[in-house]
Amino acid sequence: MGTRENPPAGEIFPLDPAEYSRCRAIWDMDGNREAAWRWYRELAKGNRSIFIFRRDDEWLAEIALVRDAGDPDYTIPSRRAYVSRLIVRPGYRRQGIGGTLVDFLVEKARQEGFRELSLGVDDANTAARQLYFKKGFTQVL
C-alpha cells in the first residue's frame, strides 16, 4: 500500500474514550445513538480503536480498527482486523485526508500483527470504493 508524497496538513491521534462525544464534529452521533453507544462500548473495552485526524484542534475525520467483530468474514483473531467508519467531514473531502487515514490504519494493523484487513462500503459510495481499491484492497464486503 502506497503513501502520499504530500500528505495533508494535520495530525492523527488515538481517541481517548473520555473525548468520544467530540466526534459530533465529524458525524451525527445524536441521529445514530444506538450505533454510537455500541461503538463507544467497543472503544472502552479496547476492541475498537478510533483515530482522529485534526488540524488546528478542529476534528475533521475519523477511522476505526476493530479487532473482533464476531464474524470471520470481517475479523479473525490475530490474523484479520476490520476497517470501520472512515468518515471525512463534508468540505474536507477529496483533499487526501481519507487516504492518509487508510495508510495510517494499515500500518497500525501491521504493527499489531494483523496480516489481513477487511472493510465494508455501500455499493453507491463510489468515491470510497475507488479509494480502497487504490490503497490495495481487492474485495470490498
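## A first look at helix 3

Which residues of helix 3 (residues 126-134) are buried? They are Ala128, Leu131 and Tyr132. These residues cover an arc of only 95° around the axis, which puts them on the same side of helix 3. What lies over them includes strand 4 (80-88), helix 2 (97-111) and strand 5 (116-119). On the face of helix 3 turned away from this buried side sit the exposed residues Gln130 and Lys134. Just after the helix comes Gly136, with a positive phi of about 105°.

Please keep in mind throughout that this is a predicted model.

## The chain as a whole

Let us step back to the overall picture. The protein chain holds three helices and five strands, and from the N terminus on they follow one another as β-α-β-β-β-α-β-α. The radius of gyration is 14 Å, close to the 14 Å that the globule rule gives for 141 residues, so the chain is as compact as a globular protein of that length. Along the principal axes, the C-alpha trace spans about 35 × 35 × 30 Å.

Of the 141 residues, 41% count as buried. The accessible surface comes to about 8200 Å², and carbon and sulfur atoms hold 45% of that area. Among contacts with a separation of 6 or more, 59% are between residues 24 or more positions apart.

## The five-stranded sheet

The strands make an open sheet of five, in the order 1-2-3-4-5, with mixed pairing. Strand 1 (11-14) and strand 5 stand at the edges with a single partner strand each, so one side of each has no neighbour in the sheet. On average, neighbouring strands of this sheet are turned by 30° against each other, direction ignored.

How does strand 3 (residues 58-66) fit in with its partners? On one hand, strand 3 pairs with strand 4 in the antiparallel sense over five bridges. Along this pairing, Glu62 has Ile87 in strand 4 as its bridge partner, and Val66 stands opposite Tyr82 in strand 4. On the other hand, eight bridges join strand 3 to strand 2, again running antiparallel. Here Arg55 has Glu58 in strand 3 as its bridge partner. Eight of the nine residues of strand 3 are buried, so this strand is largely enclosed by the rest of the structure.

Helix 1 (residues 33-45) lies across strand 2 (48-55), strand 3 and strand 4. The helix runs at about 100° to strand 2.

## Turns and positive phi values

The connection between strand 2 and strand 3 is worth a closer look. These two strands form a hairpin with two residues between them, and Asp56 in the turn has a positive phi of about 50°. Asp57 is found in the loop between strand 2 and strand 3 as well, and its phi is near 65°, a positive value in a residue other than glycine. With a relative accessible area of 48%, Asp57 is partly exposed.

Another residue of this kind lies within a strand. Arg85 belongs to strand 4, yet its phi is near 60°, again positive in a residue other than glycine. Arg85 is partly exposed, at a relative accessible area of 22%.

## Two residues with distant partners

Is Gly98 of helix 2 buried or exposed? With a relative accessible area of 12%, Gly98 is buried. Leaving aside neighbours within four places in sequence, Gly98 is in contact with Leu86, Val88 and Leu131. Leu131 is already familiar as one of the buried residues of helix 3. The C-alpha atoms of Gly98 and Pro8 are separated by 9.8 Å, although these residues are 90 residues apart along the chain.

Asp73 offers a contrast in accessibility. Asp73 has its place in the loop between strand 3 and strand 4 and counts as exposed, at 51% relative accessibility. The cut-off for exposed is over 50%. The C-alpha atoms of Asp73 and Ser118 are 7.8 Å apart, with 45 residues of separation along the chain.

Terms used. Residues are numbered from 1 along each chain as its sequence is written. This is a predicted model: local features need pLDDT of at least 70, side-chain atom pairs count only at pLDDT 80 or more; totals for chains, interfaces and linings use all residues. Side-chain values use heavy atoms; hydrogens and water are left out. Buried means under 20% relative accessible area, exposed over 50%, partly exposed in between (1.4 Å probe, protein chains only). Helices (H or I, at least four residues) and strands (E, at least two) are DSSP runs, numbered from the N terminus. The arc is that of the directions from the helix axis to the C-beta atoms. Contact means heavy atoms within 4.5 Å. Two strands pair if DSSP finds at least two bridges between them. Axes are lines fitted to C-alpha atoms, for helices over the stretch in contact, and angles run from 0 to 180 degrees between N-to-C directions. The radius of gyration is taken over C-alpha atoms; the globule rule is 2.2 Å times the number of residues to the power 0.38. Accessible areas come from the Shrake-Rupley method with a 1.4 Å probe; for residues, only the protein chains shown count as cover.
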